Structure formats: structure tokens, C-alpha cells
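Open the model in a viewer with side chains shown as sticks. The tour goes from one selection to the next.

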Amino acid sequence: RAMPLARPAGRIPEAVWPSGFREMTEPWKGAVGCLGVAVFFAMTIGIIWWQALEQPPEEWVLRGRAGGLLWERRGALLLRALPGGRPVAAIAVGSVPAAQPPPPRDRCWQERGQFCYAWEEDAELHLSLEPPPAPATECYGVQWTPLRPDVVLKDCFSMANVSWYGGPSVRAQRWPLNGADSPAQPLVTGDLGTNPSGYGPLLERLFLGSTGVMVTVAPDVPLLLSLERGRQFCLVSPAGPAARPLRYRLCLSPDVAAAARHTGSRLAGPARALPAVALLRSPIWRYHGPAGSAAKIKRGLRALAKRLKRHGLQEGVLALGERCTAVLATADHVAPERRKRRDSAHGWDPSALAPLQLAITLSPYASIASPLFLRSLRDGDTESRWLSLPPRHGGCSVPLLSTWKGRLCARLNVTSEAALGWYLARARRLRQLLGAAYVAVEGAEGNSFLERAVPPPAELEGDRYTGALAAALATLGNATIISAGASSSHLPLFVQMSPRRADWSHAGLKGLVPSVLHYSLLGYNFFIPDAVGGSLDSDTAGDPELYVRWLQIVTFLPVMAFGTPPWLCCDAWVLNLTRQCIQRHRDLVVPLIRKYSEEWLSSGSPIFRPPWWLSPTDPTAFTIEDEFLIGDEVLVAPITEKGQRWRDIYLPGAGQVWTDARTARTFHGGTVLRNYSVGLTEVPFFVK
């Protein structure tokens with residue numbers, strides 16, 4: 001029997017595979033690899049697609065009843081009105097990385113009505129829903145806190161589809177401020193005469209948008225402001241070892257007029273008071289005569305008074321500048337026995353000007369060569385009477401010197417009750433000595449410490465100097481005029497506007513109506529405009545047409561002020577026109593101002609109003625800068641272009657009827673009158 005062949009131990013027989021299948025093995029490996037790469041790319045594209053399309057580019061972070069705030073992934077806060085999501089404001093955030101996605105989680109999720117998020121090592125954001133200040137208004141608190149001293153906090157508010165109003169006055173005033181341009185600088189009042197590119201003597205930390213949004217910044221927040229024409233305005237909190245949070249408030253109202261009403265009630269507060277309304281009927285005639293001595297000034301005043309009476313302009317106020325006031329007041333600094341002899345030889349009798357009254361001008365500055373300063377130096381009162389630099393290394397403090405009208409001066413210390421008491425007593429004494437009915441105070445604007453790049457003390461941060469001086473001057477009575485305003489619109493003071501160029505530019509005539517709207521919106525309704533024709537020299541000085549067009553606008557303002565009398569600038573017909581304008585001002589404008597001043601006292605609504613006050617949802621009304629309303633019943637549409645004898649006139653208030661006061665023709669509101677004819681001696685104004 002044959003035995004089977006034995007196999008070698010431990011050997012596994014080889015499998016016999018078809019040669020064709022072995023050849024397909026390598027291509028299949030490549031196909032599998034390609035498939036893996038395709039799956040990877042598909043997953044990547046899917047994630048990107050989900051982030052770009054499926055995930056919303058903006059995320060709600062805080063919602064109220066009327067609106068809410070969203071975070072946009074590009075690095076912006078968006079304020080939108082509910083329920084439709086109407087865009088109200090877009091705030092580009094400059095203090096955090098713009099490429100970061102929306103905040104993934106809320107650190108304040110346990111606190112209802114709040115949102116918190118931190119960008120590590122950069123800044124912290126805190127949003128909060130504030131108690132409603134009015135039934136139709138909703139507010140949100142925004143606070144950025146720097147986490148490093150070198151972080152610059154910067155929020156920029158877009159001007160795209162939003163017209164903005166408020167903030168600071170500027171040299172070439174615009175309405176809205178979308179047309180203004182300014183580099184980032186401290187948001188404090190300033191003298192446009194010494195710093196034309198800075199901010200002017202009147203401002204509030206408040207910005208109003210045509211969409212019904214209002215932005216307010218607390219006075220204790222160190223703040224820089226930049227204006228970028230047509231793009232945005234930016235709130236900037238400076239960096240440094242003592243960097244503090246950037247804090248502001250956003251409020252949302254149904255429309256711009258509702259926001260403005262809330263603005264007026266918030267600015268002035270409940271305790272408002274009127275200045276001396278008798279000044280409304282009294283044109284101001286500024287004295288520019290001889291000023292070399294007291295005798296020359298007195299003769300010049302008498303001559304001006306006689307000339308005014310001769311031309312039938314015997315009612316008004318003769319205004320002396322600071323230098324003439326100081327010359328006339330020299331008797332205040334001489335010994336009593338010498339003062340008697342001087343009074344008998346050169347006596348001043350203010351009744352010689354009657355019925356004209358006198359206004360004197362002071363300032364909180366004293367030249368270091370003046371008797372006032374030298375006497376305080378001799379008596380050892382400099383530290384308490386004048387602003388001083390902090391002592392170094394235990395030494396003595398020295399006065400903080402500033403430049404005022406080309407002279408090196410010390411400035412009154414408004415934080416000292418003794419210094420304020422001395423200054424007010426001196427003002428009362430000079431008023432009585434010279435028989436003045438009104439006292440004007442120049443130089444109230446500006447922060448002397450910031451001008452010298454010195455950190456101010458806490459009690460004088462921002463515009464607290466202006467506010468403290470205004471509060472002190474209000475105790476002199478309601479016949480006081482001040483040159484600046486900041487958080488002082490409730491006080492019974494007249495505010496003197498900045499000097500304007502004698503030309504047709506926005507620094508001259510064309511900027512007058514925007515300034516009127518700006519002052520009144522911020523609560524300063526009782527302002528004194530610059531002299532008719534402008535008081536700053538220019539190439540067009542002495543232009544009769546400019547003088548007439550300026551006169552026509554000032555006729556409808558609270559006080560008419562003149563620097564150059566009409567008989568010196570122009571022909572006899574301009575003098576006649578001046579008489580007519582003064583009479584129209586007394587008969588028509590003053591009663592209107594007194595009527596709407598009662599409304600301002602009760603609600604804070606401005607007396608001089610923009611066209612959008614009656615058309616708050618009409619975009620056409622948002623950019624009109626050459627018309628204004630007195631209350632709700634008179635619309636003034638002056639000419640501000642040289643040589644123009646026609647203009648387009650927007651009549652606000654759809655459904656209302658306006659009557660041309662010159663022709664008695666009637667027109668419907670909500671329309672534009674194209675190429676409306678206006679002669680040189682005419683100013684279009686309409687009565688509702």
C-alpha cells in the first residue's frame with residue numbers, strides 16, 4: 001500500500017492567486033488615498049460653508065423690548081430696533097481683535113439684562129440694560145475696561161445712513177456734524193481764536209442720530225474725540241498707566257424728534273431758569289472807539305450814543321470790551337483820597353447814555369504784570385487765588401501760567417471759595433462803579449492744565465472749570481453773559497457765540513444757522529450771535545450784501561449784536577433796513593421766544609428747531625443746514641450764498657399749511673419750493 005508523500009514540517013503552502021488581480025492592487029491603493037483626500041476637503045468646505053452661511057454673521061448679545069445689541073463677527077456692535085430689526089447704529093470696535101468670532105459665552109449669564117465678555121490681555125466688555133428714562137425710550141450701558149495699560153479703547157460710530165448732531169462746536173460749524181473734520185483731541189471747550197482746529201467754547205458730551213439713537217458720555221470719563229468727514233466719529237479713551245474705562249450710554253427712541261425731546265429734558269434737568277429777557281429787546285452796539293485813556297473812552301461812548309439817537313436807534317446796550325473796562329475801572333485800584341480827586345475831575349455819569357445801557361467785560365485772567373496779580377503776590381494769596389501747579393518734592397506751588405490775548409496770565413482758581421468770593425465781589429463793585437446793566441465774562445472756556453500738558457486735578461477734569469465758573473457767575477444775577485457752556489444750559493445766563501469770519505464760508509455766514517441749531521439743541525437757547533457782518537477780518541470785509549444777509553438772519557435770533565454800525569459800512573438804505581429789522585425783531589421774534597421759553601422751562605424742548613422737528617422720518621430734512629424753526633410756527637429760510645436771488649425751500653410737516661409772510665401765499669408741508677425768488681432786501685419766512 002503506497003503511503004502519501006510527507007510535507008515538510010512547519011511550512012505553509014503558498015496560495016496561488018490569479019496574476020490579473022495582483023496587478024490591480026496598486027491602482028486601488030491610489031484610489032483609496034484620493035478618496036480620503038476628497039473626504040477631507042469636503043469636510044473642510046462644509047465647515048467653512050457652515051460658518052459662512054449657516055452660522056449667522058451677527059449674534060444677539062443683549063435684547064430689550066424696543067431694541068437690542070448684536071455682535072458682528074467683523075468686530076462691531078450693532079444697535080437695532082425691534083420688532084423689525086431696523087438698523088439704528090453701527091459701532092466699530094477698535095480695542096479688540098476684529099477677526100475673532102462672536103463671543104461664545106456670556107460671563108454675566110446669571111444676571112438678567114447684562115452681558116459680559118473678555119478678550120484675554122486686551123479688554124473687557126460689559127453691556128447692561130438700563131432703567132427706562134422715558135416711556136418710549138430704552139437705554140443700554142456700554143463699558144470697556146482695559147486689561148493692559150497700552151490698550152487704546154476706541155469705539156467709532158458710523159455715519160453711513162445716519163446724520164449726527166450735537167457734540168462740540170467747531171470753527172466751520174456744520175449741520176449735521178457729518179461734514180466736520182477733526183483729529184483726535186480732548187473733548188473739552190476751547191478758544192477757536194488761538195486754536196482754530198480745536199473744539200469751540202460750547203459742547204456737551206452728547207450725540208444725537210437721525211435714526212433716533214442718542215449717545216451720552218459721563219463727564220468723569222477721560223475722552224478724546226475725532227471727527228472723520230462722511231465716515232465716522234470716534235470716542236477714544238487714552239492709554240497709559242492711569243487708563244480708565246470707556247463708558248457711555250446708548251438710548252433708543254422711536255425717531256430723532258423723540259430722541260431730541262428726551263435730550264432736552266436730560267440736559268437741563270428740572271431746575272431751569274431764564275436770563276434777563278429785557279435784553280432780547282435791546283440791540284447790542286459794541287464800542288470800538290478810542291481806548292487810550294478813560295477820558296477818551298468816555299468821550300467815545302457819548303459820541304456813539306449821540307449818533308445812535310440821531311438815527312432813531314436810542315434803545316439798546318453799549319458793550320465795552322475787557323481792555324476798555326479795565327481802563328475805566330482803574331479808579332478801583334487807587335487810594336480813596338486820590339479816587340475822590342479823580343472822580344471830581346473825570347467823573348463818569350452813566351445817565352449821559354440813557355436810555356442806552358452799558359455792558360462791561362471781565363475775564364478770569366490777570367496779567368502777571370497787572371496790579372491784581374502783583375497785589376496777590378505781595379499778600380501771599382497766589383496759591384489760593386490762582387490756578388497752581390502741584391508742588392514738587394515738598395516745595396511751594398507756583399501759578400499755572402496761560403496765554404490770554406497775547407499776554408502771560410494767571411487764571412482764577414474756581415475751586416477756592418475765597419477766590420470766587422473775591423472775584424464776584426470785584427465784579428459787583430465794578431458794575432456799580434460804572435453803572436453797568438450787564439456783565440460779560442470772556443475766557444470761561446478751556447482746560448489750562450491740558451493746554452500745558454499737565455494732568456488736571458480731579459475737581460478740574462474735562463470742563464469742570466467752565467461749569468464751576470458758570471455756576472458762580474449765575475449768582476451775580478440773570479443779567480450776566482458768559483463766553484462758554486458745558487453742563488450749564490439750565491443756568492440763567494446768556495452765552496456769547498464765538499467770533500465769525502466776515503465772509504460767506506462755514507467759518508462765516510454759512511455757519512451761522514448751523515451754530516444756532518447746535519446751541520439750541522444742546523439747551524443754550526439764549527445766545528448772543530457774533531456781530532452783524534462778522535468780527536474777524538477776511539478778504540470780503542465791508543461787503544454790503546454780506547452785511548444785509550447777516551442782518552436778516554440775526555433778526556430772528558434772541559439778541560441782535562452790531563460791531564460796525566450800518567452808517568459806517570453801507571449806504572443809507574441799509575440803515576433804513578436795520579431799523580426795520582430791529583422793529584420786526586421786537587414785534588414778532590421776541591414774543592415768540594418768550595412764548596417758547598415757557599415750553600423750554602417745562603420740557604427742555606429747544607426754541608430754535610431744525611426742520612426734522614416736524615418731519616422726523618423724512619431723510620430730506622436730516623441734512624438741511626440753512627433753515628430753522630422758531631418753535632413750531634415760524635420757518636426762516638435765509639440766503640447764505642453770495643449773489644443768490646433764489647433758493648429751494650423745504651417746508652416740513654406733511655399735512656400742515658404754511659403761509660409766506662411776505663406774499664400771503666400758502667403751501668403744503670412736506671414739499672420743496674424750487675427756485676423760490678428772494679430779493680436782496682427780503683428774507684423768506686413762513687407762518688404755520
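Which residues are linked with Lys-642 in a network of salt bridges? Select Asp-543, Glu-545 and Arg-645, which together with Lys-642 make up that network. Keep in mind throughout that this is a predicted model.

Within the network, Lys-642 and Glu-545 meet through their side chains in a salt bridge of 3.6 Å, N to O. Lys-642 sits in the loop between β31 (634-636) and β32 (646-651), while Glu-545 belongs to helix α13 (residues 544-554), 97 residues apart. Colour by accessibility: Lys-642 is partly exposed at 48%, and Glu-545 is buried at 13%.

Next select Glu-315 and Arg-586, whose side chains form a salt bridge of 3.8 Å, N to O. This pair spans 271 residues, from the loop between α4 (294-310) and β17 (317-319), which holds Glu-315, to helix α15 (residues 572-603), which holds Arg-586. Arg-586 has a relative accessible area of 12% and is buried; Glu-315, at 44%, is partly exposed.

Move on to Arg-662 and Glu-682, a salt bridge with its closest N and O atoms 2.9 Å apart. Both residues are in loops: Arg-662 between β33 (657-660) and β34 (666-668), Glu-682 between β35 (671-677) and β36 (685-687). Arg-662 is partly exposed at 27%, and Glu-682 is partly exposed at 31%. The structure has 25 salt bridges in total.

Now turn to the rings, which form 26 aromatic pairs. Select Trp-164 and Phe-233: the ring centres are 5.0 Å apart and the planes stand at 80°, so the pair is edge-to-face. Trp-164 is in strand β9 (residues 164-168) and Phe-233 in strand β14 (residues 232-237). Both Trp-164 and Phe-233 are buried. Add Phe-157, Phe-207 and Tyr-248 to the selection to see the cluster that ring pairs build with these two.

A tilted pair follows at Phe-373 and Trp-386, 6.2 Å centre to centre with 45° between the planes. Phe-373 lies in helix α7 (residues 371-379), and Trp-386 in the loop between α8 (382-385) and β20 (388-389). Phe-373 is buried at 6%, as is Trp-386 at 2%.

For charges over rings, select Arg-385, which lies over the face of Trp-422 at 4.1 Å from the ring centre. Then show Arg-411 over the face of Tyr-465, at 3.9 Å from the ring centre.

Finish at the largest cavity, which holds about 90 Å³ of space. Select Ser-489, Leu-491, Leu-493, Val-495 and Tyr-524, the closest to its centre of the 14 lining residues. That lining comprises ten nonpolar, four polar and no charged residues.

Methods. Residues are numbered from 1 along each chain as its sequence is written. This is a predicted model: local features need pLDDT of at least 70, side-chain atom pairs count only at pLDDT 80 or more; totals for chains, interfaces and linings use all residues. Side-chain values use heavy atoms; hydrogens and water are left out. Rings of Phe, Tyr and Trp (its six-membered ring) pair if their centres lie within 6.5 Å; planes under 30 degrees apart count as stacked, over 60 as edge-to-face and the rest as tilted. Helices (H or I, at least four residues) and strands (E, at least two) are DSSP runs, numbered from the N terminus. Buried means under 20% relative accessible area, exposed over 50%, partly exposed in between (1.4 Å probe, protein chains only). A charge sits over a ring if NZ of Lys or CZ of Arg is within 6 Å of the ring centre and within 35 degrees of the ring normal. On a 1 Å grid over the protein atoms alone, a cavity is a set of points where a 1.4 Å probe fits but cannot get out, and a pocket is an open set with protein on both sides within 12 Å along at least five of seven lines; lining residues have an atom within 4 Å of a point. Grid points are joined across faces, edges and corners, and a volume is the space filled by probe spheres set on the points. Ala, Val, Leu, Ile, Met, Phe, Trp, Tyr, Cys and Pro count as nonpolar, Asp, Glu, Lys and Arg as charged, and the others, Gly among them, as polar. A salt bridge is a side-chain nitrogen of Lys or Arg within 4 Å of a carboxyl oxygen of Asp or Glu.
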